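Visitor: I should like to learn how to read individual features of a protein model. Please take me through some cases.

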Amino acid sequence: MMKRTSSNAVVHIELHTHNLARACAHYRELFGWRAETIHAGRGSYQALELGGRIGGGVVECDTSRPIWLPYVEVADIGKANERALRLGASVLLETREGPAGWRSVVDVPAGGELALWQPKTPAE
């Protein structure tokens, strides 16, 4: 799901929308981005092939307007969350573990929301 690159790089971008099917169809027609259902754990996820080095996905949720959420790879998600808090950010989603790694979501003052992402190493 997430593509691996150097630390502190944007590695993934995720669309949060109230109409997953319509959003996927629109981007397929506009850019040729293919959506693929990925089954993980108890649910599924729509991965997007964006045609570049950054991975993508679409999540259907109860949002008033669609937003894109960038994922920034960090070496240590706990330390990154602490640093974000010290710099005035608020944590919107506490760290959660998924099949490929850990993520949290922070709201940066005057900077918007972004996800922090720490991938699992192959041994984990």
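**Thr17, Ala35 and a pocket**

Guide: The side chain of Thr17 comes within 3.1 Å of the backbone nitrogen of Asn19. The model is predicted, so local features need pLDDT of at least 70 and side-chain atom pairs count only at pLDDT 80 or more, whereas totals for chains, interfaces and linings use all residues. Residues are numbered from 1 along each chain as its sequence is written, and side-chain values use heavy atoms, with hydrogens and water left out.

Visitor: Is Thr17 buried or exposed?

Guide: Buried means under 20% relative accessible area, exposed over 50%, and partly exposed in between (1.4 Å probe, protein chains only). Thr17 is buried, because its relative accessible area is 4%.

Visitor: How should Ala35 be classed by its relative accessibility?

Guide: Ala35 counts as partly exposed, at 36%. Contact means heavy atoms within 4.5 Å; not counting residues up to four places away in sequence, Ala35 touches Cys24, Gln46, Ala47 and Leu48. Ala35 and Gln46 are eleven residues apart in sequence, and their C-alpha atoms are 5.8 Å apart.

Visitor: What does the lining of the second largest pocket contain by class?

Guide: A pocket is an open set of points on a 1 Å grid over the protein atoms alone, where a 1.4 Å probe fits, with protein on both sides within 12 Å along at least five of seven lines; lining residues have an atom within 4 Å of a point. Ala, Val, Leu, Ile, Met, Phe, Trp, Tyr, Cys and Pro count as nonpolar, Asp, Glu, Lys and Arg as charged, and the others, Gly among them, as polar. Here the lining has nine nonpolar residues, no polar ones and one charged residue.

Definitions and conventions
Polar contact = N/O pair within 3.5 Å; in protein donor to acceptor, adjacent residues only side chain to side chain.
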